[in-house]
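Biologist: Please take a close look at a single part of this model for me, and set that part in the context of the whole chain.

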Amino acid sequence: GQVSTIVSAAYERAKVILIEHRAVLDRIAGHLLERESLDGAEVYTIVREMTGRDFSPRVPEIAEKSTSPTPPSSSPRPENSVSAGGLPGDLATA
């Protein structure tokens with residue numbers, strides 16, 4: 001059905017991206033073999049150095065500050081990092 005078509009198309013697109021960026025993946029894999037983990041900034045640096053494109057996330061500028069302060073969230077957000085099992089999502093938009 002329609003879901004199967006969407007999944008198949010996404011799978012094919014992912015394969016093309018991985019093939020096109022194989023050298024980047026090999027470099028990241030080499031670093032992971034040496035150190036076991038990389039933080040997001042390190043991955044984005046490797047991608048930028050090898051592709052000339054900057055995929056690092058941007059923090060949107062806030063035009064006006066809120067008049068009512070909001071306390072920080074009590075639950076920590078996961079650190080932007082990559083381990084041997086994953087890649088940053090922005091690389092898939094290449």
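Modeller: What follows is a reading of the surroundings of one serine, Ser56, and then of the chain that holds it. The model is a predicted one, and Ser56 lies in the loop that runs between helix 3, residues 40-51, and strand 2. Within that loop, the side chain of Ser56 takes part in a polar contact with the side chain of Asp54, at 2.6 Å, and the side chain of Ser56 also makes a polar contact with that of Arg58, at 3.0 Å.

As for the chain around this loop, there are three helices and two strands, which follow one another from the N terminus in the order α-α-β-α-β. Of the contacts in the chain with a separation of 6 or more, 64% are between residues 24 or more positions apart. Buried residues account for 18% of the 94 residues, while the chain exposes about 7600 Å², of which carbon and sulfur atoms supply 56%.

Confidence deserves care here. The chain has an average pLDDT of 79, and 66% of its residues score at least 70. Confidence is highest in helix 1, residues 2-20, with a mean of 96, and lowest in strand 2, residues 81-83, with a mean of 51. Where pLDDT is low, predicted coordinates should not be read in detail. Strand 2, the element with the lowest confidence, is also the one that follows the loop holding Ser56.

Key. Residues numbered from 1 in each chain as written. Predicted model: local features only at pLDDT ≥ 70, side-chain atom pairs only at ≥ 80, totals over all residues. Heavy atoms only, no water. pLDDT = per-residue confidence, 0-100. Helix = DSSP H or I, 4+ residues; strand = E, 2+ residues; numbered from the N terminus. Polar contact = N/O pair within 3.5 Å; in protein donor to acceptor, adjacent residues only side chain to side chain. Buried < 20%, exposed > 50% of the residue type's maximum accessible area, 1.4 Å probe, protein only. Contact = heavy atoms within 4.5 Å. Areas by Shrake-Rupley, 256 points an atom, 1.4 Å probe, with all protein chains shown as cover.
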